[in-house]
Structure formats: C-alpha cells, structure tokens
Amino acid sequence: MNRKTKKLNEQNNLLDEKINEENQRAFTDMICYLRGSDISEYDIELVRQDLTEMVLSAQDRGENIDAVIKDDYKKFCDEIIANIPPK
C-alpha cells in the first residue's frame, strides 16, 4: 500500500468509528465486497470514504444505511465498481 493510500486508509478508519452498531454490519459487508473487486486499493479507499460520509449523513438524519443503499448492497456496489476503471 503506497503512502497516499495508507493515509486515506487511516483517515477512513477514524471515520468508520462513528458508524453506529446498527449500520456497521452492512457497511462492513460493502467494504469487503469492494475489496474483492478489480479496482485499485486507492480507489477502494476513495469509495470507502464516500460511503462512510453517506452513512454518517444518514445517521445524522436519523436514518439507517438502508436509506443509502436501498436494501441491496451488492447492486449498489456493482454500480459504483462499474464506474471505476479496473486496476
């Protein structure tokens, strides 16, 4: 992992701590799914950052992660992956 990716990963780890228990499982499933895709580590961290911010915004509105992903995290992630160039 290069320095830029590592720094973003560390920032994301700090942000992830703010995700509540109700949302954490689905969020973790999404990140694992993204890591199994054919996109770069850096792009995964960029997407992770965006997803974290989306989930935290939903939490601030009193909603859970389903408001963001509409109950199908794989479909949601596949749409994201389709828009990112492969490694």
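When we say one residue covers or touches another here, contact means heavy atoms within 4.5 Å. With that in hand, let's walk through this predicted model, starting at helix H5.

Helix H5 takes in residues 73-82. Its buried residues are Phe76, Cys77 and Ile81. These three span an arc of only 135° around the axis, so they sit on the same side of H5. That fits a simple rule: an α-helix has 3.6 residues a turn, so residues three or four places apart point the same way. Now look at what lies over that buried side. The cover for the buried residues of H5 includes helix H2 (21-35), helix H3 (41-60) and helix H4 (66-69). Turn to the face pointing away from the buried side, and you'll find the exposed residues Lys75 and Ala82.

Next, pick out Tyr73, which also lies in H5. Tyr73 has a relative accessible area of 24%, so it counts as partly exposed; the cut-off for buried is under 20%. Beyond its neighbours within four places in sequence, Tyr73 is in contact with Asp29, Met30 and Tyr33. Tyr73 also shows how the chain folds back: Ile31 is 42 residues away from Tyr73 in sequence, yet their C-alpha atoms are 9.8 Å apart.

Finally, back to Cys77. Its relative accessible area is 0%, so Cys77 is buried. Does being a cysteine tie it to anything? What does a search for disulfides turn up? Across the whole structure, it finds zero. Cys32 is in no disulfide, and the nearest cysteine sulfur to its own, that of Cys77, is 10 Å away.

Terms used
Residues numbered from 1 in each chain as written. Predicted model: local features only at pLDDT ≥ 70, side-chain atom pairs only at ≥ 80, totals over all residues. Heavy atoms only, no water. Helix = DSSP H or I, 4+ residues; strand = E, 2+ residues; numbered from the N terminus. Buried < 20%, exposed > 50% of the residue type's maximum accessible area, 1.4 Å probe, protein only. Arc of directions from axis to C-beta. Disulfide = S-S within 2.5 Å.
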